[in-house]
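Student: Please show me the structure, and let us then test the terms used for it against their definitions.

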Amino acid sequence: MEIPYIVETRPDTGLHNGKLGIWLFLASEVMLFGALFSTYIILRVGAPEWPHGELSVLLGAINTVILISSSVTMVMAWASLKMNDWGTHRLYLVATFALAALFLVNKYFEYSEHLGKGEGPWHSTFFAIYFTLTGLHGLHIVGGMVVMAYLLGPGAKMWKKNPDQFANRIEATGLYWHFVDLVWIFLFPVLYLL
Amino acid sequence: MDNVTTHESVAHSQAHDHAHHEELGFWRKYVFSVDHKVIGIQYAFTGLFFLLFGFTLMMIMRWQLAYPGRPIPLIGAWLGQDRAPMGIMLPEFYNQLGAMHGTIMVFLGVVPLAVGGFGNFVMPLQLGAPDMAFPKINMVSYWVYFLGGVTMLTSFFLKGGAAQSGWTSYPPLATLPIANGQTMWLIGMIFLITSSLLGSINFITTIVQLRAKGLSFMRLPFFVWAQFVTSFLLLLAFPPLEAAGVLQLMDRVAGTSFFMPSGLVVSGRPLTVAGNGNPLLWQHLFWFLAHPEVYVLVLPAMGIVSEIIANNTRKPLWGYKAMVYSVVFLGFMSFIVWAHHMFMTGMGTAMSAFFQTTTMIISIPSVIILTALLLSLWGASIRFTTPMLFALAFLPMFGIGGLTGLPLGLAPADIHLHDTYYVIGHFHYVVAPGTIFALFAGVYHWFPKATGKKMNETLGWIHFWGSFICINLVFMPMFIQGLGGMNRRMYDGGAQYAHNAGLLKWNLVIGFAAWGLGVFQIPFIINFFSSIKWGKAVDKNPWEATTLEWLAPSPPGHGNFLTEPIVYRNPYEYSVPGAAKDFSPQFEA
Ligand code: HEM
Ligand SMILES: [Cu+2]
């Protein structure tokens, strides 16, 4: 016997295995970031004072725009695949990857500026939270980039053999990518604006 | 005749292998295997090893408690200067043993055996599935667990030794830079959490997607339901601990103060940390996982016991539906009771009242499940096989554990009982003579499926009765000690406090009972290994059971079933009136 419902959907659940898997994974991610946001709230409420204007709103805003655009290109990568347009799909996926890289470059400048001023995670509760949350989020970005690199490189071969399964993989990657984007949309106001 | 058919079917399944898959080399077949059965056995072996190891740590501690300050016999000389100079245990080493005993038993022993071992091996078979939904992820989850185990073990050999702040790792103590052990503990935990997450995604997907034709949710064996709810607990409760672990790691290596308050003075010197942290925050995050975790420890055990009771009473489970609804409800509730571990933190009466109420509510589904299992015994002509003995013992043992939990769930009583041996007695009754007995029952029950051989009944009988008597002698006196006010985590067994004077004699009783318990595991170990070779060969359904795993050959080949199984009925149709035999398997029309 072979494992069923890898590509086709199971009639009574309406899902294929990978789709359920990625949603479950995202549920656990919600709990992870939920706990971290709760930590932020509890520490902030208990703090005698809270610093304002420590971070560059401009850099943060640019990064927000970058990530939202990357979500759009990710959707386009999937949609063009569904329309059987392989060339456009590659273009959009490369664009998503490039935007992710741009986000990290931006982050690198932000980090090095603060570290240069001695404002590392040890400096205060605010910077502790800033570095931990954005650091973990950054790791998620890197994770997404690794997957995209795989799907652009060796993983792309699957398109020839099994186009439906490949499209499923792009879809799952997209779901993950939107989640990572969503986390940033929470992080930006919480850390830069409030 | 039966034997002949078995051999034929095994040959068949292997022939089938050749047809569909290239022959795998040794490494792919036994080490980096993606077959759920091999992975299950890997988990089970590793889990059993860690159970033995964690138990050994405890036997060493029990010497120090029975005879404080006397050189440890046999192994004392080997422990080295910074653990036990001249064989006499140092307090630091005692703390390491305690912290690592708890961590190893819970995260490296029981859960990997109950979920990784039994879940992986049995659950897909009971679903009639060829494998897990994501076989490669399954393999990764085992190896990440393995890395976590290695990380925990190596921490013993680092400078300063292993973690010393209990399995709960409360800051500020756990954050103080005294030993590297705690950093290793945190890294090890992050591995173990990652492994559980991968495992639970796989389990849920498998149960939802790979059920055989005709196997609706209300026809699932209770064991599968138990694994299903357990997986949700692992999936949703572990990430907050992962977050907490990362934060504590930041506190230890990056100089943050998430859990470190300002103005802390340690050994007469003010601590130079950023401050403004909140040590209670750790406790909340920890128990948000760790209370669901106790159900992770016990639900698979309930699942195993249910299978074995139905099989050996030759009756359907009484109240199967009520059990299913209870276990689902229990899963939900277990997320909102965590602060009953924190009544002593001064969190205020409103919070206490809330968590007392939820705690009382959550005991209802446990009682329903236990009652259903007890009533299932009513009027049955019971087969007292070794697995059944262990499964039967689970019921009163879990009962004692659960009932003693109720006073702990009420703040006025808990204020006296918190941090005493009473708490140790409570949870060990649930986990040791409860869950671990159920795990033994499962080993005896499914051994024939995994190996094609039966374990020896006489050795099993000795193992059971010896363990049963000893384990009660270990844990029953702890209630007496705890009610008398003896604290847990005492290096000298509590001798420094006058009010413990009359309670110290029990430390001797417990010590000897614990070592006796160790001795009675020898028949099990002998039985386990000798039965693989010399055990009585059996057919695919030696217990005359009804669930799908007994349709596959023993041991099942790659892909599990020779033909696609179809399910026609409920899981426990034993002694159906008018049927030709006293069991009507799910797979027979
Ligand atoms: C069914 C009803 C149960 C109730 C009402 C209950 C209640 C409690 C309470 C209130 C505590 C905290 C005591 C204190 O620290 O002062 C506690 C501790 C504990 N319980 Fe239970 N419990 C129940 C079942 C279980 C089960 C099923 C398990 C495990 C399989 C379990 C495992 C534990 C553990 C491990 C601890 C101690 C943790 C520690 O402080 O190291 N309990 N229980
Ligand atoms: Cu609890």
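The dialogue below takes up salt bridges, burial and the surroundings of a ligand.

Tutor: This is a predicted model, in which local features need pLDDT of at least 70 and side-chain atom pairs count only at pLDDT 80 or more, while totals for chains, interfaces and linings use all residues. Residues are numbered from 1 along each chain as its sequence is written, chains are lettered from A and ligands numbered from 1 in the order in which they are written, and side-chain values use heavy atoms, with hydrogens and water left out.

Student: Why is the contact between A:Lys117 and A:Glu119 called a salt bridge?

Tutor: A salt bridge requires a side-chain nitrogen of Lys or Arg within 4 Å of a carboxyl oxygen of Asp or Glu. The N to O distance between A:Lys117 and A:Glu119 is 3.9 Å, so the pair qualifies.

Student: Why is A:Glu119 called buried?

Tutor: Its relative accessible area is 11%. Buried means under 20%, exposed over 50% and partly exposed in between (1.4 Å probe, protein chains only), so A:Glu119 is buried.

Student: What makes B:Glu588 partly exposed?

Tutor: Because its relative accessibility is 32%, B:Glu588 falls in the intermediate class. B:Lys581, at 35%, is likewise partly exposed, and the side chains of B:Glu588 and B:Lys581 meet in a salt bridge of 2.7 Å, N to O.

Student: How do you know that B:Asp414 makes a polar contact with ligand 1?

Tutor: A polar contact is a pair of N or O atoms within 3.5 Å; within protein, one must be able to donate a hydrogen and the other to accept it, and residues adjacent in sequence count only if both atoms are side-chain atoms. A polar side-chain atom of B:Asp414 lies 2.5 Å from an oxygen atom of ligand 1, so the distance satisfies the limit.
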